[in-house]
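The exercises below ask you to read a protein model element by element, and each is followed by a worked solution. Please keep the sequence and the structure in view as you go through the steps.

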Amino acid sequence: MHLGRRNFNLDLSEDCAELMEEDDFDEELEDSLSSPAGCTSGEESDGGTQVSSPCRSSVTLLTLLRERLLTPGEGAMSIHYLGQTFVGDLLPNGKIKSQETDLIFSSPSAWAIHCKKIINPEKKSGCGWASVKYRGRKLDAYKNAYFKKKRLDMSKENTHSDEEEVDKPLPMMIPPTGPKTIVKHNLLGCRTANQDQNVLVESVPFSTIGKIQPFLVSMSTNACMVMDFHCHLTNSEVVGYLAGHWDVNAHNLAITHAFPCRCRLADRELAPHVEADIYRAIEQRRLTLVGWYHSHPRSPATPSIKDLDTQLDYEIKMKGPSDASYTPCVGVICSPYYQPDTDMTRDQSLESSIVCYWVMPPPENRPMEYGRPMLMSYAVNQEHFLSQDALNEMKKCAEFYKGEPDAIKFSDSFAGSVTYLDKLKASLAPKFPRDQSEELVWSFVLELVSSVEEDNQTAVEAPKVENGHDATNHEPENLQVESAESAPLHATNEDVESAETRPTPSPPGDKPEVNEGEQANEEAENK
């Protein structure tokens with residue numbers, strides 16, 4: 001221990017005298033150049049800087065990334081040594097990738113030693129935290145800023161501990177609204193146990209890598225409308241499944257239905273029952289499971305590392321034992337309330353961002369890498385009518401979130417004079433059916449969202465709609481009649497459960513059955 005500390009001090013006097021020539025930092029960093037009381041800088045190891053009691057933790061680049069003092073990026077790290085400059089990429093897992101050698105280092109010290117040995121092979125230590133710079137400023141300053149933040153947090157905890165504790169409501173399932181960093185796939189590196197699964201990964205089209213999209217994707221406006229409506233109802237993240245057909249000859253994946261999962265993401269007890277209901281509904285309609293969707297309520301419609309792993313798992317499961325049984329599977333992300341800028345005056349900026357993606361598996365010789373997200377362009381098929389299935393799903397989604405603490409209050413302001421209701425209408429309007437009245441469809445949507453804003457007491461007294469996907473319809477009569485005349489249902493006469501719970505009008509072109517006795521009486525009366 002003493003020998004290691006002596007070498008550290010020698011290295012500091014030999015190679016780190018330039019620390020005294022550092023440019024002025026921001027006032028926040030300048031005020032925090034002294035370690036907080038009770039926390040010494042300690043010894044530097046491969047994992048970071050060990051700090052003594054009372055902190056008893058190690059400060060690593062990953063620690064600073066999680067505290068948002070640093071953000072990943074290409075060329076963010078640099079070392080200046082004996083007239084030479086080395087550049088590295090800061091990866092989301094807190095490691096450094098050298099741009100000169102493409103090697104990945106677990107700590108600033110390891111990278112500093114590697115770079116300095118290139119110029120001076122006799123070097124034994126790197127003085128990483130004092131010689132490595134992040135965007136032109138030395139890491140020491142950011143580390144000390146972290147110490148200061150921890151000291152302030154500890155003082156606040158001590159202050160609150162003397163106060164009388166009061167009962168607090170459970171926190172709402174609302175994701176953070178702050179900006180999220182989107183990193184490029186080549187910055188992820190290999191898998192690590194401490195990798196933040198919520199890091200967003202940039203998706204690129206196949207044309208950027210010189211390839212053609214492997215299959216076509218089409219999406220009906222009915223599926224888009226159900227999905228977009230579901231995502232608009234709550235500040236919490238939602239999820240659902242997509243069904244349709246795979247045309248192997250046309251190489252086209254058609255998404256025709258969306259089935260929302262009406263349960264909380266953390267509800268592991270109810271989730272299997274909801275998924276079983278969705279599976280039966282897909283089977284009854286003779287559809288195929290072709291994908292899944294989820295929302296990023298107030299962040300970009302970009303997949304996270306967790307989303308990549310989930311999507312790749314689905315792709316592997318649906319591949320089947322042979323290519324003959326292969327069915328593609330896509331992921332869809334809907335971002336209803338993300339505001340990349342403050343200009344929300346145009347209607348097109350109010351429409352939700354809906355992104356379709358597919359994950360390219362890692363190469364066989366590099367199995368520990370993450371899958372690569374690829375953007376899938378898709379065509380939108382304008383439906384002639386709002387189907388009975390779409391009406392049912394929207395109705396039951398509104399019932400599920402009625403009176404919930406994380407439900408959207410559509411009368412509140414979304415951006416300036418634009419309310420959440422204005423935002424919803426601007427996003428759903430392009431998905432309205434072609435042959436039905438826009439006023440009629442919007443009046444139905446308006447009736448649904450108005451019920452969502454009812455208070456908790458009203459929601460408790462009101463009967464809850466079951467989580468299944470074959471409940472009786474309760475839409476307005478005029479909309480139900482119009483949709484019933486034009487909307488063919490996918491259930492057949494053999495689907496007993498479906499026939500008992502919803503109307504099954506005859507498909508277009510089929511003549512309805514008539515009783516022979518009644519027909520004879522009618523002919524007699526006419527004569």
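Two strands pair if DSSP finds at least two bridges between them; helices (H or I, at least four residues) and strands (E, at least two) are DSSP runs, numbered from the N terminus. This is a predicted model, in which local features need pLDDT of at least 70 and side-chain atom pairs count only at pLDDT 80 or more, while totals for chains, interfaces and linings use all residues. Residues are numbered from 1 along each chain as its sequence is written, and side-chain values use heavy atoms, with hydrogens and water left out.

**Exercise 1. Determine the strand order of the open sheet that contains β6, and find its edge strands.**

Solution. The open sheet is formed by six strands with antiparallel pairing, and their order is β7-β6-β5-β4-β8-β9. The edges are β7 (104-105) and β9 (137-138), each of which pairs on one side only. Turning to one edge, β7 and β6 (residues 96-98) are joined by two bridges and pair in the antiparallel sense, and here Lys97 has Ile104 of β7 as its bridge partner.

**Exercise 2. Locate Arg68 and Asp102, then state the sign of phi and the accessibility of each.**

Solution. Begin with the general expectation that most residues other than glycine have a negative phi. Arg68, although not a glycine, has a positive phi of about 65°, and it lies in the loop between α3 (61-66) and β4 (73-81). For accessibility, buried means under 20% relative accessible area, exposed over 50%, and partly exposed in between (1.4 Å probe, protein chains only). Arg68 has 57% relative accessibility and therefore counts as exposed. Asp102, in the loop between β6 and β7, also has a positive phi, near 65°; its relative accessible area is 53%, so Asp102 is exposed.

**Exercise 3. Describe how strand β18 is covered and which strands pair with it.**

Solution. Strand β18 (residues 353-360) is mostly covered, since seven of its eight residues are buried. β17 (residues 330-335) pairs with β18 in the antiparallel sense over five bridges, whereas four bridges join β18 to β19 (residues 372-375), again running antiparallel. Tyr357 of β18 is the bridge partner of Gly331, and Tyr357 also stands opposite Leu375 in β19.

**Exercise 4. Work out how helices α7 and α10 are arranged, and which kinds of residue make their contact.**

Solution. Axes are lines fitted to C-alpha atoms, for helices over the stretch in contact, and angles run from 0 to 180 degrees between N-to-C directions. The axes of α7 (residues 221-232) and α10 (residues 388-400) come within 10 Å and cross at roughly 0°. Angles under 35 degrees count as roughly parallel, over 145 as roughly antiparallel, 65 to 115 as roughly perpendicular and the rest as oblique, and α7 and α10 are therefore roughly parallel to each other. Contact means heavy atoms within 4.5 Å; α7 contributes Asn222, Met225, Val226, Phe229 and His230, and α10 contributes Ala390, Glu393, Met394, Cys397 and Ala398. Ala, Val, Leu, Ile, Met, Phe, Trp, Tyr, Cys and Pro count as nonpolar, Asp, Glu, Lys and Arg as charged, and the others, Gly among them, as polar, which gives seven nonpolar, two polar and one charged residues in this contact.
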